[in-house]
Amino acid sequence: MKYKVGKPHYKLSFIYSFIIIFWAVFLIIYSPFSGMNICGFMLIFLIIFIFLPSMAFCNNIWEVDEHYLKYTFYNNVIDKSQAFFKTIFTRNMEYQMKIKLDKIISIQVTYEAVPMLFYGTNGYNVIFKVLMKDGSSFSFQPIVTRKRKEIIDAIEFLKSKGVIFKDKYHILDQLDKQEALSYYLEKIHGGKK
């Protein structure tokens, strides 16, 4: 049994890239200025090696199976490009973190407020802080999709494998409700001040 939360957005990134490449080819073919040809070729290069991978891997992805919790986060363009071309050619997703389930003590469910500069307010991310038996810990953002059923199924599977969730703010209880999770987190954050 395997549960995967989030996925690369190949289809959408190819559609947007194709539209921009079509425009760049139009610049190359119909431009009376040689400088526009160079701009068109540079634009195609940037789309293929920067925009396409960055858009395909704009979300974090995590997976849980019988033995492991796997998580990946690509926080720069080089990592995204390498992952994109590797998964395109090998059809295999490589995870940056791979943790045995029997090495986990518990997962603490919390959140963080993230300033949204253009709106002058805060956004909120749910955080899973994984505490290990060797004393180490790491954190990741588990909600990477609007399909909450994927997340609920993965969490239930982890619970069935004996992983303990410590949810002080009752965030997991809100996943199956219709209200946007950000509203609930905003209420919690407002009450803490």
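In which helix does Ile29 lie? Ile29 belongs to helix α1. The model described here is a predicted one, and this report goes through three of its helices, then some loop residues and one residue of helix α5.

**Helix α1 and its contact with α2**

Ile29 has a relative accessible area of 56%, over the 50% limit, so Ile29 counts as exposed. Between Ile29 and Gly40 there are 11 places in sequence, and their C-alpha atoms lie 9.2 Å apart in space. Gly40 is one of the buried residues of α2.

The axes of α1 and α2 are 9 Å apart, and the two helices pack at an angle of about 175 degrees. An angle over 145 degrees counts as roughly antiparallel, so α1 is roughly antiparallel to α2. Sorted by class, the residues of this contact are 21 nonpolar and 4 polar, with no charged residues.

**Helix α2**

Helix α2 covers residues 34-56, which makes 23 residues. At 1.5 Å a residue α2 should span 33 Å, and its end C-alpha atoms are 32 Å apart, so the two values agree. The helix also has a kink of about 45 degrees, centred on Ile47.

Which residues of α2 are buried? They are Gly40, Ile44, Ile47, Leu52, Pro53, Ser54, Met55 and Ala56. Ile47 is therefore both the centre of the kink and a buried residue, under 20% relative accessible area. The cover over the buried residues of α2 includes α1 (10-30) and α3 (77-90).

A general point helps in reading such lists. An α-helix has 3.6 residues a turn, so residues three or four places apart point the same way.

**Helix α3 and its contact with α2**

How far apart are the end C-alpha atoms of α3? They are 20 Å apart, and 14 residues at 1.5 Å a residue should also span 20 Å, so the expected span agrees.

The table sets out the spans of the two helices.

| Helix | Residues in helix | Expected span | Distance between end C-alpha atoms |
|---|---|---|---|
| α2 | 23 residues | 33 Å | 32 Å |
| α3 | 14 residues | 20 Å | 20 Å |

The buried residues of α3 are Lys80, Ser81, Ala83, Phe84 and Thr87. Their cover includes α1 and α2.

The axes of α2 and α3 come within 8 Å of each other and cross at roughly 80 degrees. An angle from 65 to 115 degrees counts as roughly perpendicular, so α2 is roughly perpendicular to α3. On the α2 side the contact is made by Ile48, Phe49, Ile50, Leu52, Pro53, Ser54 and Ala56. On the α3 side, the residues are Val77, Lys80, Ser81, Phe84 and Phe85. By class, these residues divide into 9 nonpolar, 2 polar and 1 charged. Among the residues of this contact, Leu52, Pro53, Ser54 and Ala56 of α2 also appear in the list of buried residues of that helix. Likewise, Lys80, Ser81 and Phe84 of α3 take part in the contact and are buried.

**Loop residues**

Arg91 sits in the loop between α3 and β4 (97-100). Phi of Arg91 is near 60 degrees, which is a positive value in a residue other than glycine. With a relative accessible area of 72%, Arg91 is exposed.

The loop between β8 (164-166) and α5 (181-192) holds His170. His170 too is a residue other than glycine with a positive phi, near 55 degrees. Is His170 exposed or only partly exposed? Its relative accessibility is 45%, between the limits of 20% and 50%, so His170 counts as partly exposed.

Asp176 is also in the loop between β8 and α5. At 57% relative accessibility, Asp176 counts as exposed. Asp176 and Arg146 are 30 residues apart along the chain, and their C-alpha atoms are separated by 12 Å.

**A residue of helix α5**

His189 is found in helix α5. Which residues does His189 contact, leaving aside its neighbours within four places in sequence? The contacts are Tyr111, Ala113, Asn122 and Tyr124. His189 and Ile15 are 174 residues apart along the chain, and 39 Å separates their C-alpha atoms.

Methods: Residues numbered from 1 in each chain as written. Predicted model: local features only at pLDDT ≥ 70, side-chain atom pairs only at ≥ 80, totals over all residues. Heavy atoms only, no water. Helix = DSSP H or I, 4+ residues; strand = E, 2+ residues; numbered from the N terminus. Expected span 1.5 Å × (residues − 1). Bend = angle between axes of the 7 residues up to and from the residue. Buried < 20%, exposed > 50% of the residue type's maximum accessible area, 1.4 Å probe, protein only. Contact = heavy atoms within 4.5 Å. Axes fitted to C-alpha atoms, helices over the stretch in contact; angles between N-to-C directions. Parallel < 35°, antiparallel > 145°, perpendicular 65-115°, else oblique. Nonpolar A, V, L, I, M, F, W, Y, C, P; charged D, E, K, R; others polar.
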